[in-house]
Amino acid sequence: MLTTSFINQVGVIPMDESKVTMKGRLGPGMMIAVDLPGGQVYENTEVKKRVALSNPYGKWVRENLRSLKAANFFSATVMDNEAILRCQQAFGYSSEDVQMVIENMASQGKEPTFCMGDDIPLAILSQKPHMLYDYFKQRFAQVTNPAIDPLREGLVMSLEINVGKRGNILEDGPENASQLILSSPVLNEGELELLLKDPYLKPQVLPIFFDIRKGVEGSLEKTLIKLCEAADEAVRNGSQLLVLSDRSDDLEPTRPAIPILLAVGAVHQHLIQNGLRMSTSIVADTAQCFSTHHFACLIGYGASAICPYLALETCRQWRLSKRTVSLMMNGKMPTVTIEQAQKNFCKAVKSGLLKILSKMGISLLSSYCGAQIFEIYGLGMEVVDLAFCGSVSNIGGVTFDELARETLSFWVKAFSEATAKRLENYGFIQFRPGGEYHGNNPEMSKLLHKAVRQKSENAFSIYQQHLANRPVNVLRDLLELKSDRAPIPVGKVEPAISIVQRFCTGGMSLGAISRETHEAIAIAMNRLGGKSNSGEGGEDPIRWAPLTDVVDGYSPTLPHLKGLQNGDTATSAIKQVASGRFGVTPTFLVNAAQLEIKIAQGAKPGEGGQLPGKKVSAYIARLRNSKPGVPLISPPPHHDIYSIEDLAQLIYDLHQVNPKAKGNADVIQISGHDGGTGASPISSIKHAGGPWELGLTETHQTLIANGLRERVILRVDGGFKSGVDVMMAAAMGADEYGFGSVAMIATGCVMARICHTNNCPVGVASQREELRARFPGVPGDLVNFFLYVAEEVRGMLAQLGYQKLDDIIGHTDLLRQRDISLVKTQHLDLSYIMSSVGLPNLSSTDIRNQDIHSNGPVLDDVVLADPECLGVPPYFLLENLEKIPWGYETGVAITCTCSLFMVTVILDAIENEKVINKTIKIYNVDRAVCGRIAGVVAKKYGDTGFAGQLNITFTGSAGQSFACFLTPGMNIRLIGEANDYVGKGMAGGELVVTPVENTGFVPEEATIVGNTCLYGATGGQVFVRGKAGERFAVRNSLAEAVVEGTGDHCCEYMTGGCVVVLGKVGRNVAAGMTGGLAYILDEDDSLMPKVNKEIVKVQRVTAPVGQMQLKSLVEAHVEKTGSGKGAAILKEWDAYLPLFWQLVPPSEEDTPEACATYEATSAGQVTSFQSIGEKALESLAKKSLRLNKGYRQPGVSATQTSIFEHPASPLLQKLYSDLWQKM
């Protein structure tokens, strides 16, 4: 009889393993089918083959599907310099656009990077003209549909798009294949010409100019309607390609071009509403497109392709300019040809498009086309309904006539005699006198520095007045607080020390900012009772204890800081866990008051981060378990690591290791688009995310409407500078308030806006020691700032007649729209922000002081309570766990309801560093098992100090995150199978997973552990007898592992450690791998196409030390698991060794394990083989000891402990013993 089970977790159905003949998993894009009457199971390849043979699809494609041939780029400019300038002025280019964006893309082939966030007014609030694109902000996935990684997983993404008529996808037929494939949506002039000559598409060019000779009023809207009618007629006449063009040989002053985005959106919507959209494709031939955001907008609102003719002409002009030629001749700029400059520009655009798609979790451009994944800020409903129907526009904005005037303000510059002979610099990116207003400007910084350094209330009043008199910069500037209550004395308002406890600083990583800045901010927040945020770079344990050695403001513990006091602590109350897992160890987690999961930050939502190699000093590398000088990349929040289920599991895991920290979605942080960043692409800074006023309003009101508001604290940040910001956020529903950039300014930042270069002149955002020595800040400066802000809040509360912040939080009835005349429109409507759906049932203080949510009864608690010792069955403990006092952190006894009073076995072993052996049954509902035990060990001993041994064997099917966050001294064995995230975050110890005996399947051919094992591991050893799923050892920093096969993305983003795979692997091996080594057995020569060779080198294992490392790990694997595959390899070692490939990133190329001719760096020459062997063995011994640092059984010599049980040479044994005594 055939029995087939399809379950998304192992262990759901009890089975006799001896009767299981095949066990596997469905990987990405795979499928399986079962013929129940016939008793047959069809695997992935067979299923797809049967479908593929059902019709002659190959024949249809060959006969009907065509590809557009690539055309050469122009090798000379088409227009003279004067005509180019006129065209640039007419279409809204600025000198920043040309010099910082287009020229940068042409020379570098990538988007330009900038820093510090977007602190200029929204386009609708600005007094300067903006392109229509600036009214659109990219939306991005966070929890419901997480991002893809476009950097390392490009194999699942594509910019290909088809143009032409599309048939019914539910009907098979050759006519459905009658389309033209474009390899990307970016066309050069030659490719556009080829499209226009295609006889099957019957292209129709539609000019998009509107006539203002009879006045501006109504002209734009009327022309748009006529354009839509012309498009309608062309499609009905058989045109399968509409080309909307603003190209003209002679621009006319009275015929400005319709913004191309408006034209594309209007035609797209019109054709949809008339049932014609599937019959044609839209191409934009435009001068007004040069940024990746521009391309994304056009594609998102219906364009299949774009020819950015003026941007390409600008690239050609730049390359031929005397200045560029001179720089290239002098070696100050890489030499590129005129064709290469245009290729570079297009390459940068394509990479940027992939990034924008990935932020929404979209892999194909064809899925993004027409998806309208944008939010609009500042367009009225008449514009939205005609051209952008379905997009969110909550605040209204400009009408067609107002939009026409803004368009005209650019156009007239091209025909005015008074216009300068160069492009205007609006100052949208960099601050400049006379340019656009920047919230973080030099005058503001100077006023704030004076106030906090002099501790002067008068100086702070001047700072407040500066902010009050600024131009309208953010949506809240259009609001004011009004109350019908009489003012009360300030003395009756809650004290400042109570208010500052609601303040937090932003998640700025140590690495992005200097050690001095990071620690000064943390100390200041701890003095106040507020919270600082570690960011994603880990934290030095030296910061976790109060200072007791301060003399005259200086401490030998933190000698680089001044202005210290005894009792100061530099720990960050909020410790951040990001996708890169840098610095995330068990000890880091147990020393947190709050654990923050970074999903998306305000400055570059949906993207990962990157710390340039020049910022990775030896200190930073130590904290992040990486190598100095090697760039560190945080992946975007992965689509299959940060799904809703995975996020819930991560929350559970963190609560398991630290049950006392808030981390159960107890706090939700809303980050505005104007938040700062150490480094980010300019397009992300400028065009992703939205104002926190709208995000906070939506979150607060949605939670209230669903009865959930009382369960969470709402925290908001983004551009906070004063008590006014705090009061506005409070009225909109926020409980806590985050300050990022302004906190750095208060500690000394001068807003040089060069954070990404490592050249910060005052050492705030640099790792260069000579610059860090200039750091001017002291913790007291930031303390002064926050106390001033709190006093400002007190004053405003008193004026409104309220005694405490609790009384106004969520009271949107206090908000009034100010009577302010904006330059662009009077049609903004903020009623959405001022609306109310009610208030929570609890006060904000009560919400903030609620008990921490727990994971409920868990297996770890049973293990820690040890039912055998207490003399009661496990179920009794589970029912009465709440009656057990949680004093285990100090190793105290446990009191049970049966009145027994005994010291438990495991807690006693932890307290007294003993050796214990336990065997426990496990089920798949037991999640994150061992995490809480590891937390107890880490809290007492740190990541390295435990000298006992906890030898625990589990039997059965383990739930998610089995053996997470293990510490040295924990030796865990699972006989059975496990789900995803095995060994997540482990910092030491040993983990063995092996199937039960007498299985009906071959163990090395079966999947025995799930996806994403060893995610973020920082130490320890793992041996798995069987296969693993996708992303094995992703972001592994130092762990060693042996497994008998993996899915896709094995060793992704590894920075250290060693992985041995004794079987087949999936695609994209070693993507983003910057450290560590991998050994992969390739018995059928199938590995090479699966390796991502962007970083790693693939070579045979020729180095003697590498061979020794590989063999010793295989030997240990056989000893621990009884692996038949491993035993066969060892038996025929000489035959199998040549079948192994070694994957080596650049940082490992000169190590003895990877280099057959290892050089002794001190002598600068190759030494004798004996010397090579000794140095190499010493390196290997050190690595092995680091994996198990701090673990030794008391009274037992190093060579007798379990980590040295596997055979090794006498020289290696001696090195182990000698090194152990030194470490």
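Which residues have the most contacts inside the largest nonpolar core? The legends below take up this question in a predicted model, starting with the chain as a whole.

**View 1. The whole chain, with its 39 helices and 40 strands.** Of the 1223 residues here, 61% are buried. Among contacts with a separation of 6 or more, 70% join residues 24 or more positions apart. On the outside, the chain exposes about 46800 Å², and carbon and sulfur atoms supply 51% of that area.

**View 2. The largest nonpolar core, made of 197 residues.** Here is the reply to our opening question: F136, L262, F345, F388, F503, Y737 and F785 have the most contacts inside this core. Helix α27, spanning residues 779-800, contributes the largest share of the core, with 11 residues.

**View 3. A closer look at L262 and the residues it touches.** Leaving aside residues up to four places away in sequence, L262 touches three leucines listed as L132, L220 and L224. L262 also touches V383, A387, F388, F400 and L403. Of these, F388 is another of the residues with the most contacts inside the core.

**View 4. Another core, lying apart from the largest one.** This core has 64 residues. Among them are I916, I920, I933 and A963.

**View 5. A nonpolar patch on the surface, made by V12, I13 and M15.** The patch covers about 250 Å². M15 sits in the segment before β1, the strand of residues 33-35. Is M15 buried, partly exposed or exposed? With a relative accessible area of 43%, M15 is partly exposed.

Definitions and conventions. Residues are numbered from 1 along each chain as its sequence is written. This is a predicted model: local features need pLDDT of at least 70, side-chain atom pairs count only at pLDDT 80 or more; totals for chains, interfaces and linings use all residues. Side-chain values use heavy atoms; hydrogens and water are left out. Helices (H or I, at least four residues) and strands (E, at least two) are DSSP runs, numbered from the N terminus. Buried means under 20% relative accessible area, exposed over 50%, partly exposed in between (1.4 Å probe, protein chains only). Contact means heavy atoms within 4.5 Å. Accessible areas come from the Shrake-Rupley method with a 1.4 Å probe; for residues, only the protein chains shown count as cover. Patches are made of residues with over 30% relative accessible area and no salt bridge: like charges are joined within 9 Å, nonpolar side chains (Val, Leu, Ile, Met, Phe, Trp, Tyr) within 5 Å. A salt bridge is a side-chain nitrogen of Lys or Arg within 4 Å of a carboxyl oxygen of Asp or Glu. A nonpolar core is a set of buried Ala, Val, Leu, Ile, Met, Phe, Trp, Tyr and Cys residues joined through side-chain atoms within 4.5 Å.
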